[in-house]
Amino acid sequence: MKSCLIKLGTLTLLLLHGGCSSTLKPTTLKEDGYFDTSSTLRPEGVIIEQPFKPEYRKMLYVKTGDEKNERYKEFYLTSFKNMNAFDKVVDQSELESLVIEQGLTDKVSNISDKIGLHHLQKEMGSFLVVEPYVEWNGGYDYVANLKAYDPESGKVVLHIEKEAFNWAGLDDPLFYPLLNGFVEWTRGEKISTKDAPNKK
């Protein structure tokens, strides 16, 4: 357990240090409704792409977990809010407050696992859970994922992945392409992909 926490802490420090001038900086979308980036996902980066259900728009729970760096959590929370694709975008603390405000603590014991979120969905109606994840693979090599799942079924309805090198920050080559893929998915569009230049 201790080694996992040390690895995560090291990852966060490397991520922030390696691109401190241009990584994890939330931004607004362009006029066309997408994040400004020259990168896109590869075809193999779209792992699961089920249809987006309109009822998901009621609420998006951005589930980053307590162990994530605060700047990482704030980047994703703000980015999803800036999409204007959901009526409400909440983090763990905000969702816990909703459970208390609506008097659901006896029916929903926790929101940290799929069973608890399934019980919450039965009480509050449909919503969507998204779990962002980034991993350092050594050197300047990073891979990031977005997984979204429906708490009613517990099934992943979107899983997209992007690899990038951190030469001068990760927002443009890593995070924004993932977020743009998510935007396209919420609009019912096919997620844009492009093969790597050296792929034969």
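Trainee: Why is Asn82 called partly exposed?

Mentor: Asn82 has a relative accessibility of 25%. The label buried needs a value under 20%, and exposed needs one over 50%. Since 25% falls in between, Asn82 counts as partly exposed. Keep in mind that this is a predicted model.

Trainee: Where does Asn82 sit, and what does Asn82 touch?

Mentor: Asn82 is part of helix H2. Leaving out residues up to four places away in sequence, Asn82 touches Thr27, Thr28 and Leu29. Thr27 is 55 residues away along the chain, yet the C-alpha atoms of Asn82 and Thr27 are separated by 7.7 Å.

Trainee: OK, another asparagine. What makes Asn180 buried?

Mentor: Use the cut-off again. Asn180 has a relative accessible area of 11%, and buried means under 20%. So Asn180 goes into the buried group.

Trainee: Which helix holds Asn180, and which residues are in contact with Asn180 beyond its neighbours within four places in sequence?

Mentor: Asn180 is in helix H5. With those neighbours set aside, its contacts are Tyr34, Phe35 and Thr37. For the chain as a whole, 45% of the 200 residues count as buried.

Trainee: Why is H2 described as oblique to H5?

Mentor: Their axes cross at roughly 40°. Under 35 degrees would count as roughly parallel, and 65 to 115 as roughly perpendicular. An angle of roughly 40° fits neither range, nor is it over 145, so H2 is oblique to H5.

Trainee: How do you know that H2 and H5 meet?

Mentor: Look at the residues involved. Phe75, Tyr76, Ser79 and Phe80 in H2 meet Asp171, Phe175, Tyr176, Leu179 and Phe182 in H5. The two axes come within 11 Å, and H2 passes H5 in a right-handed crossing.

Trainee: Now the sheet. What is the order of the strands?

Mentor: The order is E1-E6-E5-E4-E2-E3, in an open sheet with mixed pairing.

Trainee: What makes E1 and E3 edge strands?

Mentor: Each of them pairs on one side only. Strand E1 covers 46-49 and strand E3 covers 89-90.

Trainee: How do you know that E2 and E3 pair?

Mentor: Count the bridges. Pairing needs at least two, and E2 and E3 have 2 bridges, in the parallel sense. So E2 and E3 meet the cut-off. One bridge to find on screen joins Tyr61 to Val90 in E3.

Trainee: And what makes the pairing mixed?

Mentor: Compare the senses. E2 and E3 are parallel, whereas E1 and E6 pair in the antiparallel sense over 3 bridges. E5 and E6 are also antiparallel, over 10 bridges.

Trainee: Which residues can I look up around E6?

Mentor: Try Leu158 in E6. Leu158 is the bridge partner of Glu49, and Ala148 stands opposite Leu158 too. The hairpin of E5 and E6 has 4 residues between the strands, and there Gly154 takes a positive phi near 75°.

Trainee: Which strands does H5 touch where it packs on the sheet?

Mentor: H5 touches E1, E2, E4, E5 and E6. Its direction makes about 150° with that of E6. Angles over 145 count as roughly antiparallel, so H5 runs roughly antiparallel to E6.

Trainee: Last one: what pattern do the helices and strands follow along the sequence?

Mentor: The protein chain has 5 helices and 6 strands, and they come in the pattern α-β-β-α-β-α-α-β-β-β-α.

Terms used:
Residues are numbered from 1 along each chain as its sequence is written. This is a predicted model: local features need pLDDT of at least 70, side-chain atom pairs count only at pLDDT 80 or more; totals for chains, interfaces and linings use all residues. Side-chain values use heavy atoms; hydrogens and water are left out. Buried means under 20% relative accessible area, exposed over 50%, partly exposed in between (1.4 Å probe, protein chains only). Contact means heavy atoms within 4.5 Å. Axes are lines fitted to C-alpha atoms, for helices over the stretch in contact, and angles run from 0 to 180 degrees between N-to-C directions. A crossing is left-handed if the near helix is turned anticlockwise from the far one by less than a right angle, and right-handed if clockwise.
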